[in-house]
Amino acid sequence: MPRMQILSNQEREAFDSPPVFNSAERKQFFDVTAQVESRIASMRTPIIAVGFVVTLGYFKATKRFFGLQIRDEDMQYIAKKLGFFPEMLDKDDYDKTTAGRHRKTILDYQGYKEFDDSSRAELVSEIRSMARSQLKPRFMFFQSLDILRRQRVETPSAWTLNELVSNEIKLHKAKLTEVINEHLDADTRGILDALLEPSVDETDGLVQKSKLALLKRISQSMKPSKIKATVDDFRVVHALYGKVAPVLSRLDLTPEGIRYYAEYVMKFKVFQVVQRNDTDRHLHLACFAAHQCYRLQDTLVDILLKAVQNTIGICQREHKEIYYDGRNERRNDVRRFLNRVNNGAFTPLGQIESIAFDQEIDDVTKVRQIQEVFDSAKDDRKTATQDLADLQSQLETHAADAEYFQALEARSLKLQNRVSQIVKSVEFHSNNHALMEAVNHYKEMNGAITQSAPDEFLGDDERKALLNDGGKFRVSLYKAMLFLKIAEAVKAGSLNLMLSYKYQSLDDYLIPKKDWDANREEYLERAELVQASDCQMTLNTSAATLHKQYEVTNRNILSGDNENVRFHKDGRFHVTTPKTEDDDAEPADSLFPSGHYIPLLEILSTVNRLSNFLDAFEPWQTKYARAKPPNKTFLAGVMGLGCFIGTRKMEKISTSIDGCELETTVNSYFSRDNIQAANDRVLKVLDSLPLTEIYRKEPGVLHTSSDGQKHEVVVDSLNSNYSYKYFGKDQGVTAYGFLDERQLDWYGTVFSSAEKEAHYVIDGLMHNDVVKSDIHSTDTDGYSEVVFGVTNLLGYSFAPRLKNLKTKAIYSFREHTRKAYQEHGFRILPTKYINFELIREHWDAILRFVATIKLKHATASQLFRRLNSYSNQHPLYAALKEYGRIHKSDFILRYIDDLDFRQAIEKQLNKGENSNKFSNAVTVGNNQEFLHGEGIEQQIADGCRRLIKNSIVCWNYVFVSQLIAREPSPERRNELIEAAKRTSMAAWKHVNINGEYDFSDDKMVDSYGLEATPEILGLKLV
């Protein structure tokens, strides 16, 4: 078997060769410190001293050694720096023995370990774990470099790493093959193979699609008939999963590993699966069964949640309408009651009072007259008593939300049509025994509920409402309440799924508790959380920083240095932020060609030549890949998806594009990871351009931002949701994008418009392959106190623009009291104190949570979705929130105090607004509406759009860089640089995104032969 080649020959040669430094990098890496000088002072010859400094510099840059390789330019630079004559040096005098001695000295000096058998074994263990997840060999190679650097171990040669990765991949595949051969019985093999066989319709004898082809696609529809079909598919797949589950447990694949093999079956045609050898085919089909079981169960729960949400919305709306419609009637009832109380009680009381205190009337007469007054008002009192009972009854009715329950009962049947079979089929597990008892009873009774059904999961008012006025049990209301409680518990994380990607318990997503307790220190070191491990020290530092900021902010206000803060009479404050004169958010249209429009295809092709981004489009499984399609097919796919035109329409309106090839290419090569990798390649080119640095506000500091953009979805989609503000009566999603101050669009995702944007902020920050954020800004939708806490521990400065800043609570530690600050005359004061004990009690859980994100065991959005929705607020969530309040308070104080800081935030968010306009300009097709229903497909389309935007920005940067470089006049060159500084490279008016119209003669011929014939002119219309 040929050896796996992870790097290309060119990449391998570059990896095993000394780095090529520019002048700035030479100064940085060949810096001769006093400690280095002392080391080289005792060296016998100049070449040994020069060799040591060069080898040390190479190691600082790459964490590896290159034997006797020394670049001439580096040797000459060091020689001059050390005061030697370069021409007197001979590289051949720097021998292996000396280089080996220097290697040991440098490792010791830099605090690194040799790559020996021990470190090799540790690395192999990490690579083996990655192999279980079926990560791509290239990713495993470069991830190994990161692991070695974290462990402070020297980097070996490309050949060594290539062998370690390829060997573990081969061993893992061999183990899987062995398990399948030994433990997959003949009956199960037959069941799996039956998925591939086409069926024959008994009625007409026509050959139908295979069961596998029918099981691939999961409907996104909320129609009862479609939901029933999805439930039926789940039951088939679940039964199949039951057969292969014992083997899958022996395979010991991670969820990513299962997804890897399953996605091949999903992406390729049935005949391609059939062609694989028996063992390989059965492995793929077994993983497909597990993958689809997880996906279908997640989809069914998505349907349940959406159906319940829609029902609740309708019932609340009807409840409001009933309540408001009854206002006049209730007002009249109260008015009548008050009149009768007045006539039957207050008026008679006045009469009785005047009689009782009349001194001229004797007692006998008084009694008689009082009795007459009572008799005359008897009817009014009786009626008022009845009215009072009626009003009390109405109050009790409204208190128990009877109208709401009535509306819920009326909607129950429609809800049952969508949800009942789901509840019967899905496998829930929970510590909520009362709810699980009700769910299991519903399953056992097949939905035939009676008054004996468990009701402990309901509240007192809800249990009372189950009986109508005649004492009859309201079955439909019970079922609706059960479905609502199930949905509520799923969202709250107290009811989870056994087989799921999305709805497992929070603890299932975190680093396993047993592993955390056993290897806590190692996890902390890998996650770079060692400094934060001491809770007391961390909080002491935070308290000192926060106290200092209180002092700085308030003293600048009191001294008049801060002129942008105004105080109201009630003590509240208002902060103004004047606009900056140089707003570089507007496109730099004047710098680009005005008399010519550059075709988008030309831009993509040019940028691919510069970045080779199409090389990132790797087939799902390289071992079985055919010859790669031509570049034009990939570019057609990128434009079809990214411009929201659609690949089918793209093929119809394009020349020189084969529709079948385009469809196959998109299906086989367009994955979320590939498109992100393609974007990263373009970003790397951008990151290397000197011109991008003019947009940094501070050298070495990168300010980034993220923002959401709403889009309608024109097909059935469980990933979409209603938002009347944005879509009216339609549904849509949020495309959430990340941008840095250089206009690099470095990450994006798509999620339901009903989800919180704050959940996804950290996902983008953790994708730092090219762009490494230092300060990150969002608008208010991207902010939460938990995000403040987590970003701080991850090493990011979170700087959102907060709406209604004056209403936000700011905190202090109890040792710095509000009263003490008031005594100093401070105007900005804490409103609450930090609960130190809550944070300390859950500090270890906080570190485990953050380490899970940092080490990418799970995404922040996965964890937040489960954590943020817990009812009765999960203690970990409460502790994270409390910790975040420290850093939110510090941020608000800095925001108030620092005008430049506020302006930088506004400026960066304005760039995000321009980026959204850019997205709209690129999305020329389908009225900017998503054509795909599944979330992963929407993310692929959004990733293609981001690739187009980044390519245009890259082209713009290179064009302007070339314009500046070729300008002979220094004055004019400076003018061009200043013009670029004042504007944005996210410009598109010079780009022909819509395509070109063909005015050739053959396109002007009527292809349908349309004529205004007498037949048409005499057409009778009904």
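**Exercise 1. Place Val237 in its surroundings.**

*Task.* Which residues does Val237 touch, not counting residues up to four places away in sequence?

*Solution.* Val237 touches Leu215, Ala289, Gln292, Cys293 and Leu296 when residues up to four places away in sequence are not counted; contact means heavy atoms within 4.5 Å. The model is predicted, so local features need pLDDT of at least 70 and side-chain atom pairs count only at pLDDT 80 or more, whereas totals for chains, interfaces and linings use all residues. Residues are numbered from 1 along each chain as its sequence is written, and side-chain values use heavy atoms, with hydrogens and water left out.

Next, assign the element: Val237 lies in helix H12 (residues 224-251). Helices (H or I, at least four residues) and strands (E, at least two) are DSSP runs, numbered from the N terminus. Then consider accessibility: Val237 is buried, with a relative accessible area of 1%. Buried means under 20% relative accessible area, exposed over 50%, and partly exposed in between (1.4 Å probe, protein chains only). Finally, Val237 and Phe288 are 51 residues apart in sequence, and their C-alpha atoms are 9.2 Å apart in space.

**Exercise 2. Describe the nonpolar cores.**

*Task.* Which residues touch the most other members of the largest nonpolar core, and which helix gives the most to this core?

*Solution.* A nonpolar core is a set of buried Ala, Val, Leu, Ile, Met, Phe, Trp, Tyr and Cys residues joined through side-chain atoms within 4.5 Å. The largest such core has 144 residues, of which Phe617, Phe670 and Phe849 touch the most other members. Helix H39 (residues 875-897) gives the most to this core, namely 12 residues. A second, separate core holds 90 residues, among them Cys287, Leu300, Leu304 and Ala407. In soluble globular proteins, nonpolar side chains tend to be buried together.

For Phe670, leave aside the neighbours within four places in sequence: the contacts are then Lys267, Phe617, Phe634, Gly637, Val638, Leu641, Thr665, Ile675, Ile940 and Cys944.

**Exercise 3. Analyse the packing of helix H39.**

*Task.* At what angle do H34 and H39 pack, and how do the residues of their contact divide into nonpolar, polar and charged?

*Solution.* Begin with the geometry. Helix H34 (residues 785-794) and H39 pack at about 80°, and their axes are 6 Å apart. Axes are lines fitted to C-alpha atoms, for helices over the stretch in contact, and angles run from 0 to 180 degrees between N-to-C directions. H34 and H39 are therefore roughly perpendicular to each other. Angles under 35 degrees count as roughly parallel, over 145 as roughly antiparallel, 65 to 115 as roughly perpendicular and the rest as oblique.

Now list the participants. From H34 come Glu785, Val786, Phe788, Gly789, Val790, Asn792 and Leu793, which meet Tyr877, Leu880, Lys881, Tyr883, Gly884, Arg885, His887, Lys888 and Phe891 in H39. The residues of this contact divide into 8 nonpolar, 4 polar and 4 charged. Here Ala, Val, Leu, Ile, Met, Phe, Trp, Tyr, Cys and Pro count as nonpolar, Asp, Glu, Lys and Arg as charged, and the others, Gly among them, as polar.

Ala878 is also found in helix H39, and Ala878 is buried at 14% relative accessibility. Ala878 and Leu838 are 40 residues apart in sequence, with a C-alpha to C-alpha distance of 7.9 Å.

**Exercise 4. Interpret the salt bridges.**

*Task.* How many salt bridges does the rule count, and which parts does the pair of Arg865 and Glu755 tie together?

*Solution.* A salt bridge is a side-chain nitrogen of Lys or Arg within 4 Å of a carboxyl oxygen of Asp or Glu. The count by this rule comes to 42.

1. Arg865 forms a salt bridge with Glu755, the closest N and O atoms being 4.0 Å apart. Arg865 lies in helix H38 (residues 860-868) and Glu755 in the loop between strand E11 (745-752) and helix H33 (761-766), so the pair ties together parts that are 110 residues apart in sequence. Arg865 is partly exposed at 25%, and Glu755 is partly exposed at 24%.
2. Within helix H39, Arg894 and Asp890 are 4 residues apart, about one helical turn. Their side chains meet in a salt bridge (3.4 Å, N to O). Arg894 is partly exposed, at 25% relative accessible area, whereas Asp890 counts as buried at 13%.
3. A network of salt bridges links Asp687, Glu693, Arg696, Asp740 and Arg742.
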